[in-house]
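Me: I am new to this structure and would love a close look at a single part of it. Could you walk me through one strand and its neighbours?

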Amino acid sequence: MRRQRPFDAAETARLMGLGLPPALPVSVRVSARARGIVLRMLPGRGLEVVSPPGVAPAFLLQAVEARREWISRTFSRLAAEGGFSPRPAAATRPGRLVLTAFSRQWRLDYLAKDRQGCAVTSRGPGELVVSGAVGDPAALAAALGAFCRDRAGELLRPALKQVSCETGLSYAGLTIRAQRTRWGSCTARGRVSLNYTIAFLPWELCRLVMVHELCHTVELNHSPRFWDVVERFVPGCRELDARLNTARHYLPLWLEAAPTAARP
């Protein structure tokens with residue numbers, strides 16, 4: 001039996017983009033939960049084509065061709081509203097990973113292989129090799145995100161324990177997540193969740209998130225009394241919190257291509 005060639009999402013996306021506006025980024029994502037082919041225009045990210053497993057590239061190309069007028073019209077509107085900005089090609093294939101809060105970094109090398117997905121392996125101290133479909137931004141971002149989430153978890157767990165000792169605020173447990181809209185959270189039972197991407201932030205902002213969530217173990221709100229507690233451990237916390245509200249520029253650009261579950 002002839003071996004079926006693996007689905008090449010990057011090449012399929014390239015073919016889709018041939019008849020579309022040159023400035024429009026195009027990506028293909030295979031999802032086991034998809035019930036059909038879905039086209040989504042995402043501000044800042046471009047056209048995303050979501051496909052169930054096993055759909056031939058020809059059918060995806062036909063789906064894009066059928067919606068070409070809608071795609072062009074929507075892209076023009078979003079571009080006029082500032083919904084797209086050029087991204088350097090290197091942004092989706094970085095030369096290194098840096099967890100700024102903990103001064104940890106790794107140099108990246110790439111090895112293209114004819115298969116779906118990407119894998120990250122260690123070549124030695126501070127050096128990693130990413131192999132597989134390295135031309136697929138979503139697959140690459142998923143692999144880099146998984147690596148960073150694991151390493152960040154190893155660093156954030158002892159860091160939270162240390163901050164807990166410094167403040168005297170105890171917690172019931174810790175979960176490392178990839179929340180879409182929050183840097184962290186705390187339940188009424190004192191269980192803290194931290195978004196692994198806070199490891200990309202400067203240490204003072206990363207620590208503020210941890211102190212913030214620990215303070216929720218005594219004040220489960222954002223009342224003036226809560227901020228008084230935070231101020232006790234982080235003088236000038238309001239000014240620092242204002243920086244945190246606009247801190248997503250510290251996150252690496254490749255993270256924008258990660259699957260939704262892996263994006264903050």
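Reply: Happy to! Buried means under 20% relative accessible area, exposed means over 50%, and partly exposed lies in between, using a 1.4 Å probe and protein chains only. Strands (E, at least two residues) and helices (H or I, at least four) are DSSP runs, numbered from the N terminus. The model is predicted, so local features need pLDDT of at least 70 and side-chain atom pairs count only at pLDDT 80 or more, while totals for chains, interfaces and linings use all residues. Residues are numbered from 1 along each chain as its sequence is written, and side-chain values use heavy atoms, with hydrogens and water left out.

Now to strand S3, which covers residues 46-51. Of its 6 residues, 6 are buried, so S3 is largely enclosed by the rest of the structure.

Next come its partners. Strands of a sheet pair through backbone hydrogen bonds, either parallel or antiparallel. Here, two strands pair if DSSP finds at least two bridges between them. Strand S1 (residues 26-30) is joined to S3 by 5 bridges, and these two run parallel. Strand S2 (residues 38-42) is also linked to S3 by 5 bridges, but S2 and S3 run antiparallel.

One residue is a handy place to look: Leu 47 of S3. Val 26 stands opposite Leu 47, and Met 41 stands opposite Leu 47 too. To picture S3, then, start from its buried residues, add S1 running parallel to S3, and finish with S2 running antiparallel to S3.
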